[in-house]
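Me: I have a model open and would like to go through some of its local features. Could we begin with the terms used for surface exposure?

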Amino acid sequence: MKKTVLREYAKLIVRTGVNVQKGQDVLIYAGLDQPEFVAMVVDEAYKAKARKVTVNWSYQPLQKLHIRHQSVTTLGTVEAWEEARLQHYVDIHPCRIHLVSEDPDGLKGVNLEKMAKGRQASYKILKPYSDQRQNKEQWCIAAVPGAAWAKKIFPNLTKSQAMEKLWEAILSTSRVDDDPLAAWDAHNKDLKERCDYLNSLGISKLHYTADNGTDFTVGMMPEAQFCAGGEETLSGVFYNPNIPTEECFISPNKHQADGIVYSSKPLSYQGQLIDNFSIRFENGKAVEVHAEQNEDLLKTMISMDEGASYLGECALVPQTSPISQSGLLFYNTLFDENAACHLALGAGFPDTFKDFQNKTLEECKSCGMNDSMIHVDFMIGCDSMNIDAITQDGKVVPIFRKGNWAF
Ligand code: ZN
């Protein structure tokens, strides 16, 4: 890929993505796949007047080794020096850039139960730190090609051809063309107008139907609202948490989901694929799941904790989105969730509440927002999907027809 184009992408991540503020620290999480691109992002961050940029490199095969060789106790331990670092970052509010490039099959063969137990234990220690950072830091997830990931998407190409193809796919779906910063301003504006309309309707329920058998109703919390695109930190810094993003999303009422949904794309979870699955809900809870591939993994996922079998997100994405149009399955949620309407099991988003700045997590939960250690998106949108809104005053308003916006 041309260096000038990559430079535009690096700038987009730094400016539109995290919107680095003068004097702010920047943390970058990256694999070993694109060191030259990571250096460009570091350079752009310094040009945006970052105080200090720290790169945290990772190499996915190490994660497998740690799970295999460490005891469950060690896996679940957060060392004192790690906590000191977490506290340091709570104190200084850096912005965080995650450059994802992992092999979707990279964790194949790990002992899932052991990994889950380790995560459950460490989560208890990590959670208070992440809660304290909520809405105070800008963060952005964007992607760069990794060799194994590229070969997974384009199995018939050589490694270098596949990498180039994946760069093209990432950049085009991320709107990196003539003037990416201007394109993102226009895109954010369009998403905001759609959310404003949805929020003006006073939706009490969404009813989904599709030819594949999906027939499902989910209730909304009156306190929540549809969000999309960029967000603001409590101190008023506008940033874009996901590049790309196409969804208008909301956290539903965890107690109100009934009916059955069928997946329209495979779900890549913990390095493995769950495929052709259905989930039946009763009073908000996933009470029955089936999957042609990896049903046990799906069952493990929804029993990670109490909230893992309830919904935390409903997102609307038209079939006309650039990612859907690319026709590619990326095996990565950042892209695939922006190709189709989806739901997520697990934690809801406190910042989808009106006036969330003045609400505690407990208040959000008492309104019906779900909480969990997991948040896993799965795709249900397809060309035949119709969605109706049932409003608080009993009207039925078409939201989606045949997979696309009805307004
Ligand atoms: Zn989503």
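Reply: A residue is called buried under 20% relative accessible area, exposed over 50%, and partly exposed in between. Please note that this is a predicted model.

Me: Why does Asp177 count as partly exposed, then?
Reply: Its relative accessibility is 48%, and partly exposed covers the range between under 20% and over 50%. Asp177 is located in the loop that runs between α8 (159-173) and α9 (180-200).

Me: Which negative surface patch is there?
Reply: Asp177, Asp178, Asp179 and Asp185 form a negative surface patch.

Me: And which residues form a positive one?
Reply: Lys11, Arg15, Lys22 and Lys49 make up a positive surface patch. Of these, Lys49 sits in the loop between α2 (35-47) and β2 (52-58).

Me: New topic: backbone geometry. Where is there a cis peptide bond?
Reply: Ile243 and Pro244 are joined by a cis peptide bond, with omega at about 5 degrees. Pro244 belongs to the loop between β9 (238-239) and β10 (248-250). Most peptide bonds are trans, and most residues other than glycine have a negative phi.

Me: What is the phi of His93?
Reply: His93 is not a glycine, yet its phi is positive, about 50 degrees. His93 is in the loop between α5 (80-92) and β3 (95-100). With 28% relative accessibility, His93 counts as partly exposed.

Me: And what about Asn276?
Reply: Asn276 also has a positive phi, about 45 degrees, without being a glycine. Asn276 lies in strand β13 (residues 272-282) and is partly exposed, because its relative accessible area is 43%.

Technical notes: Residues numbered from 1 in each chain as written. Predicted model: local features only at pLDDT ≥ 70, side-chain atom pairs only at ≥ 80, totals over all residues. Heavy atoms only, no water. Patch = residues over 30% accessible without salt bridge, like charges linked within 9 Å, V, L, I, M, F, W, Y side chains within 5 Å. Areas by Shrake-Rupley, 256 points an atom, 1.4 Å probe, with all protein chains shown as cover. Salt bridge = Lys/Arg side-chain N within 4 Å of Asp/Glu carboxyl O. Lys, Arg positive; Asp, Glu negative; His and termini not counted. Charge placed at Lys NZ, Arg CZ, Asp CG, Glu CD. Helix = DSSP H or I, 4+ residues; strand = E, 2+ residues; numbered from the N terminus. Buried < 20%, exposed > 50% of the residue type's maximum accessible area, 1.4 Å probe, protein only.
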